Amino acid sequence: RRLLDLSAEASRRDAIVDELHHKVVHELIRKHCFSCKGGRLSRACVTVLLTDLNLSSGTPPTDDEVEYIFSQSRGTHPDGSLSLHHLPHAIGLWQSFCKQRFDLERALTHFSRSGKMDRLAFKRYLQLLNCGKPVPDDVVDKIMQADGLQGRPQNVISSAAQLAFALTAWYELSGVLASSPSSAKGSCVLQ
């Protein structure tokens, strides 16, 4: 009976935290969208919003992280702004990325000594995610050349955001409809 009481209390506490987080997010959106023109947020405004949403540290996102959010958000306009209509999707991406950042950074250091994944290290990582099955070279090459990964020196993945880009491309190429290795059907995860 005591365990049931503790479990119910934990559930109530989680619900309160979720509700407060939801209110904070809505207040931040209202604050940042007030100055929005034409139903769009500039890149600078989105960066400030993402900084405010990073409740754990308040650290501004890196250029790679902002680029990841914009590239994966469906509402990016040619002028580099983000449609207000697509802002909830961008916020969801950011929150998901923030939750996965540690695991992505851990994978970078686990598969390379320098914290930068070259093509071979990335291929080994994909093989792990593919439950030990080899990943064809042409697939690895397509991923390494995907949008968001171009312009990197010597085909090296050097940040968590770049690894998130690469994994998004991997999931799209492999037909997995998931946002993370741990939720992908039949995938393996780094232990």
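These are my notebook entries on a few places I looked up in this predicted model.

**Entry 1: Ser159**

I began with Ser159 and looked up where it sits, which is in the loop between α6 (137–144) and α7 (160–174). I then asked myself whether Ser159 is buried or exposed. Its relative accessibility is 16%, and because the cut-off for buried is under 20%, I noted Ser159 as buried. Next I looked for its partners beyond the neighbours within four places in sequence, and found Ser159 in contact with Asp64 and Leu108. With Asp64 there is also a polar contact, made side chain to side chain at 3.0 Å.

**Entry 2: α2 against α3**

I turned to helix α3 (residues 63–72) and its packing with helix α2 (residues 43–53), where the angle is about 110° and the axes are 11 Å apart. Since angles of 65 to 115 degrees count as roughly perpendicular, I wrote down α2 as roughly perpendicular to α3. Which residues meet here? From α2 I listed Arg43, Val46, Thr47 and Leu50, and facing them from α3 I listed Val66, Glu67, Ile69 and Phe70. Sorted by class, this contact of α2 with α3 comprises five nonpolar residues, one polar residue and two charged residues.

**Entry 3: the buried residues of α3**

Staying with α3, I checked which of its residues are buried, and recorded Glu65, Val66, Tyr68, Ile69 and Phe70. I also followed what the buried residues of α3 pack against, and the partners are α2, β2 (82–83), α4 and α7.

**Entry 4: Tyr68 and the aromatic rings**

Tyr68 in α3 led me to the aromatic pairs, of which the structure holds four. For the pair of Tyr68 and Phe97, I noted ring centres 5.9 Å apart and planes at 45°, so the pair is tilted. Tyr68 belongs to helix α3 and Phe97 to helix α4 (residues 87–110), so this pair ties together parts that are 29 residues apart in sequence.

I then looked up the accessibility of both partners: Tyr68 counts as buried at 9% relative accessibility, and Phe97 is buried as well, with a relative accessible area of 4%. Finally I asked which residues the ring pairs link into a cluster. The cluster takes in Tyr68, Trp94, Phe97 and Phe165, and I closed the page there.

Technical notes. Residues are numbered from 1 along each chain as its sequence is written. This is a predicted model: local features need pLDDT of at least 70, side-chain atom pairs count only at pLDDT 80 or more; totals for chains, interfaces and linings use all residues. Side-chain values use heavy atoms; hydrogens and water are left out. Helices (H or I, at least four residues) and strands (E, at least two) are DSSP runs, numbered from the N terminus. Buried means under 20% relative accessible area, exposed over 50%, partly exposed in between (1.4 Å probe, protein chains only). A polar contact is a pair of N or O atoms within 3.5 Å; within protein, one must be able to donate a hydrogen and the other to accept it, and residues adjacent in sequence count only if both atoms are side-chain atoms. Contact means heavy atoms within 4.5 Å. Axes are lines fitted to C-alpha atoms, for helices over the stretch in contact, and angles run from 0 to 180 degrees between N-to-C directions. Angles under 35 degrees count as roughly parallel, over 145 as roughly antiparallel, 65 to 115 as roughly perpendicular and the rest as oblique. Ala, Val, Leu, Ile, Met, Phe, Trp, Tyr, Cys and Pro count as nonpolar, Asp, Glu, Lys and Arg as charged, and the others, Gly among them, as polar. Rings of Phe, Tyr and Trp (its six-membered ring) pair if their centres lie within 6.5 Å; planes under 30 degrees apart count as stacked, over 60 as edge-to-face and the rest as tilted.
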